[in-house]
2 protein chains.
Amino acid sequence: MANIQQIAKRAGVSVATVSRVLNKSTTVSPKTRNKVEVAIKELNYEPSMLGRNLRNSESRLLLVLLPNIANPFYTEIINGIQDTAIARDYNILLCETDSKPERENIYFNMVKNKLADGVISMDPTVNMQKLNELAEHYPVILCSEYEENGDIPYITVDSELAAYQAVKHLIKLGNEKIALITSDEKYLYARLRRAGYERALEEFNIPIREEWIYHTKGLEFQYGVHAMRILLQQEIEPTAVFAISDTLAIGALKAINMEARDQEPIAVVGFDNISFASMTNPTLTTISQPMYTMGCRATEMLLSRIKKEKVENIVLDHELIIRESTML
Amino acid sequence: MANIQQIAKRAGVSVATVSRVLNKSTTVSPKTRNKVEVAIKELNYEPSMLGRNLRNSESRLLLVLLPNIANPFYTEIINGIQDTAIARDYNILLCETDSKPERENIYFNMVKNKLADGVISMDPTVNMQKLNELAEHYPVILCSEYEENGDIPYITVDSELAAYQAVKHLIKLGNEKIALITSDEKYLYARLRRAGYERALEEFNIPIREEWIYHTKGLEFQYGVHAMRILLQQEIEPTAVFAISDTLAIGALKAINMEARDQEPIAVVGFDNISFASMTNPTLTTISQPMYTMGCRATEMLLSRIKKEKVENIVLDHELIIRESTML
DNA sequence: AATCAAATTGTAATCGATTACATTATATAC
DNA sequence: GTATATAATGTAATCGATTACAATTTGATT
């Protein structure tokens, strides 16, 4: 592949002029510009990003940190991030940490040594101390999961309110025996969603029963199945369930289906509105976050940060999507 | 962030010596090495990849082309690619083309101008002509989807054989009225899977009925639902269905469930063994490709290519995973 | 034709690393 | 102590672009 010197030689001009043509500088005469463009075509030249980036000390690459790409919750957010980034001539690097600190380090180092211009973290398992350190010197945005009273700008939804509304929906349908499937409460979103669940129950004077609150070890489907099985073995069986994520809710549906019960159906509400939520049997009532928008706005925030501009935290609106799982 | 000059100054040595320490050259005395390491610690130095990469003219970044990350088929392959890449000190850039040629161009250019060292394409919609051009000068590997008699090395499974076995399984269960849900046959894998379907039927002297072969417009769930609805409206209803992808098969299951039929259950077989295949109701019988392995091997092939080594095409073994959808 | 401002183009430093080659320090042999 | 081999370190070119500044060309004006 040719370099800028060869183009300059071929066009009979200096490298500076070639660079001016590449960067659309106006101070190039049409005649010269044409000569250069011809040379570029003839030699099939593409400017080296490495050279350019080194000189400009930017890479136009953004890192997106997430625990794993298999989680369908992230896909729409990523689409938003990607579209916004590309429109602004940036590219994104999806960084799967698998919740492993070594991985995290690799990616943080990419930022430190200029291989990437900034980070959007969607990883609830991220080492916040390290991330805060990074954020002191480099642009970082938190998306979805965030730190209350932290210094890193974030974009999220009001999980507490959303959970409250989800549970209120179940109550309005006549349910009083409402179980909660939640995950490890070291994650802020889990604590907030539980808080919303409790607020709804309290508002309607329904006592909170600990035996109807199940804590899973992870967010995957099979934990949802397991949780629901345990809940169905309780002395008094719940008539409805709120799960703090769709994958858990879909697991719960499976467990309910497998019981081949002839009683009243158990209502289920999830959280996230992943694409599979509309493919299950029954389809799943859930809280929809504006994920695409969230990705877009997060990226805009990051790009502002990269330009050293101040950014404000954002809380986006959510929506309750009612489907078959609360209509049977 | 400090640079190599500042480290050299602080340690009282030349930049060459610092570089030697960084690159673990043996020709540095323990004393000097120590001085340099102390300076690196003190200034919290991280070498710039840009400088290093420019000089070495490599980026240690691999591109992974795929139509969209939301497709669960790719997730395990990506895990394999990622693990292998990281183990060899490479990183991967997931490139979602959304089947848009502009996007494709952006990524091809990254390779041409040295921002990436090679490409693994898993995108059946890729512009093969352009990819072939790229492959003349840069390392490229095809993963899963490939070109028969093409020049680009590939890794895949035997789709025809797998489909044949899937359909044979349905026949052995006593089915004779077996429908096929396939996609646009411009994709090689679709043609091969159909061929396998036909071979199985022919072997057992079952006539091929065109009205039981439905061509969808896409691979998404809702196309599967639609296809199955049409098939259920045929004069003679099929007793079993083979879908060329799990998302289509899961759609078919949904359509069958919705009919609330009291007849014999319809057996369904999918293809890919995506993670959701074990979460559906009933769980899905499907063909499992060794996706993680495929990702690993593809990456190894690409790294060999980068080192200018010759590589051979690979055809991996598949497996029929029998679940509830063919056991009811 | 001479003058001068504006437009165009060129020269060379720069970004941060690596490395061939030159130089200096150290160890060994006599 | 001197010569020589070897180990350690330094000097400076290099990768491919951008850009401040300098130099040159162009064109308008008198």
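Reader: What makes N23(B) a polar contact of DNA strand C?

Author: In this predicted model, a polar side-chain atom of N23(B) lies 3.0 Å from a phosphate oxygen of DNA strand C. A polar contact needs a pair of N or O atoms within 3.5 Å, so the pair qualifies.

Reader: Which atoms of S14(A) and T17(A) lie by a phosphate oxygen of DNA strand C?

Author: For S14(A), a polar backbone atom is 2.7 Å from a phosphate oxygen of the strand. For T17(A), a polar side-chain atom lies 2.8 Å from a phosphate oxygen. The cut-off is 3.5 Å, so both pairs count as polar contacts.

Reader: Which elements give two or more residues to the surface near DNA strand C?

Author: Chain A gives α2 (15-22) and α4 (49-56), and chain B gives α2 (15-22) and α4 (49-56). The most comes from α4(B), with five residues.

Reader: Why is R20(A) called near DNA strand C?

Author: A residue is near a strand if one of its heavy atoms lies within 4 Å of it. R20(A) is among the closest of the 28 residues that surround DNA strand C, so the term applies. T32(A), I4(B), S19(B) and S48(B) are also listed as closest. Of the atoms of DNA strand C that come within 4 Å of the protein, sugar and phosphate account for 59%.

Reader: What classes of residue make up the surface near DNA strand C?

Author: Ten are nonpolar, twelve polar and six charged.

Reader: How far apart are the centres of domain 1 and domain 3 of chain A?

Author: Taken over C-alpha atoms, 63 Å separate these centres. The domain assignment gives domain 1 as 4-47 and domain 3 as 159-289 + 321-326.

Note on methods:
Residues numbered from 1 in each chain as written. Chains lettered and ligands numbered in written order. Predicted model: local features only at pLDDT ≥ 70, side-chain atom pairs only at ≥ 80, totals over all residues. Heavy atoms only, no water. Domains from an automatic or database assignment. Polar contact = N/O pair within 3.5 Å; in protein donor to acceptor, adjacent residues only side chain to side chain. Helix = DSSP H or I, 4+ residues; strand = E, 2+ residues; numbered from the N terminus. Nonpolar A, V, L, I, M, F, W, Y, C, P; charged D, E, K, R; others polar.
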